[in-house]
Amino acid sequence: MSDSLVLQNVQRTYRTEAGELPVLRDINLTLRAGEIVALVAPSGAGKSTLLHLAGLLEQPDAGTVSILGRDAGALPDTDRTAIRRDSIGFVYQFHHLLGEFSAIENVILPQLIAGKSRRDAAARARTLLTAFGLADRENHLPGKLSGGEQQRVAISRALANAPAVLLADEPTGNLDVATAAIVFDELLSVVRTQSVAALIATHNPDLAARMDRTITLRDGKIVPYA
Ligand code: ADP
Ligand code: MG
């Protein structure tokens, strides 16, 4: 089986009025199916930049990003969009749910876009929401859910199309410590049952310790977290 996510010699420099800001200098990272990796680094180190590149939301200045063995940089936009839709799930610090749609509709919609029947999409959405303890909240609008519940829905949505790769950018960063720990445990247990390769940025070393390994960013490179 090919690796789920591979970054090779990835570079990213932001060009600002103040000059060039090299953020990622030489990123090399491989995630296999079922592997859950924590990315712990201080604010400004480049975590979000790295996740956006891995999620094909941005292009590197140099180097390659491969998803399931395909070099995404060599593909046309339509193929990149298809990979994002079918093979990548993204969770942000703030849920970004669609406020006019219920919890379950938020999890159904990406599946309809991917071509699933409404019946299958609803069944999958219900399974995910149930795994996150939200069976009795599926018809709630996001605004009527707690912060922890909103993030559980956002994670369910990210997993809706059974992506090979889950990328999460401080997914519990705006939750209180106790809720963050619970949501994290649920996230890990669902991810572990689905062989998803996950890269999860967090500030919290206690949460990172629950994952398979932890990496950090130093001088624009990935190194093991000491
Ligand atoms: P983190 O997520 O670890 O806090 P980021 O990836 O958001 O770090 O940012 C890394 C560095 O790049 C920061 O110094 C940030 O200010 C800078 N940066 C991020 N995005 C841009 C951008 N679009 N233009 C210029 N600089 C940026
Ligand atoms: Mg960030």
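User: What makes the phi of L56, just after α1, worth a remark?

Analyst: In this predicted model, L56 takes a positive phi of about 60 degrees just after α1. Set against this is the general rule that most residues other than glycine have a negative phi.

User: Which other residues have a positive phi although they are not glycine?

Analyst: E170 has a positive phi of about 50 degrees without being a glycine, and S195, likewise not a glycine, has one of about 55 degrees. E170 belongs to the loop between β7 (165-169) and α6 (177-193), while S195 sits in the loop between α6 and β8 (197-201).

User: How do you know whether E170 is buried or exposed?

Analyst: The relative accessibility of E170 is 13%, and the term buried applies under 20%, so E170 counts as buried.

User: Why is S195 called partly exposed?

Analyst: The relative accessible area of S195 is 45%; partly exposed covers what lies in between the buried class, under 20%, and the exposed class, over 50%, and therefore S195 is given that label. Once its neighbours within four places in sequence are left aside, S195 is in contact with A33 and G34. From S195 to A209 there are 14 residues in sequence and 19 Å in space, C-alpha to C-alpha.

User: What puts S43 in its accessibility class?

Analyst: S43 has a relative accessible area of 67%, and exposed means over 50%, so S43 is classed as exposed. Its place is in the loop between β3 (36-39) and α1, and its C-alpha is 39 Å from that of A123, a residue 80 places apart from S43 in sequence.

User: Why is helix α1 described as largely enclosed by the rest of the structure?

Analyst: Helix α1 covers residues 47-54, and seven of its eight residues are buried, so the helix is largely enclosed by the rest of the structure. The buried residues are K47, T49, L50, L51, H52, L53 and A54.

User: How do you know whether I88 is buried or exposed, and which residues does I88 touch?

Analyst: With a relative accessible area of 10%, I88 falls under the 20% limit, so I88 is buried. I88 is found in strand β6 and, not counting residues up to four places away in sequence, touches A54, G55, L56, I67, I83, P163, V165 and L167. Two of these partners have already come up: A54 is one of the buried residues of α1, and L56 has the positive phi just after that helix. I108, in turn, is 20 residues apart from I88 in sequence and 16 Å apart in space, C-alpha to C-alpha.

User: Where does I88 stand with regard to the largest pocket, and what lines that pocket?

Analyst: The largest pocket has a volume of about 480 Å³, and I88 is among the residues closest to its centre, together with R84, R85, F90 and P110, out of 17 that line the pocket. At least two lining residues come from each of α2 (77-87), β6 (88-91), α3 (103-113) and α5 (147-159). By residue class, the lining consists of 10 nonpolar, four polar and three charged residues.

User: What makes an empty space a cavity rather than a pocket, and how many of 30 Å³ or more are there?

Analyst: A cavity is a space where a 1.4 Å probe fits but cannot get out, whereas a pocket is open. A search of the whole structure finds one cavity of 30 Å³ or more, and the largest cavity holds about 30 Å³ of space. Q93, F94, H95, G147, Q150, Q151 and N174 line the largest cavity, which divides its lining into one nonpolar residue, six polar and no charged. Glycine counts as polar here, so G147, a lining residue, belongs with the polar group.

User: Why is the chain said to be as compact as a globular protein of its length?

Analyst: The chain has seven helices and 10 strands. Its radius of gyration is 17 Å, close to the 17 Å that the globule rule gives for 226 residues, so the chain is as compact as a globular protein of that length. Along the principal axes, the C-alpha atoms fill a box of roughly 50 × 40 × 40 Å. Buried residues account for 49% of the 226 residues, and, among contacts between residues at least 6 apart in sequence, 70% join residues at least 24 apart.

Technical notes. Residues numbered from 1 in each chain as written. Chains lettered and ligands numbered in written order. Predicted model: local features only at pLDDT ≥ 70, side-chain atom pairs only at ≥ 80, totals over all residues. Heavy atoms only, no water. 1 Å grid on protein atoms, 1.4 Å probe; cavity = no way out; pocket = protein on both sides within 12 Å on 5 of 7 lines; lining within 4 Å. Points joined across faces, edges and corners; volume = space filled by probe spheres on them. Helix = DSSP H or I, 4+ residues; strand = E, 2+ residues; numbered from the N terminus. Rg over C-alpha atoms; globule rule 2.2 N^0.38 Å. Buried < 20%, exposed > 50% of the residue type's maximum accessible area, 1.4 Å probe, protein only. Contact = heavy atoms within 4.5 Å.
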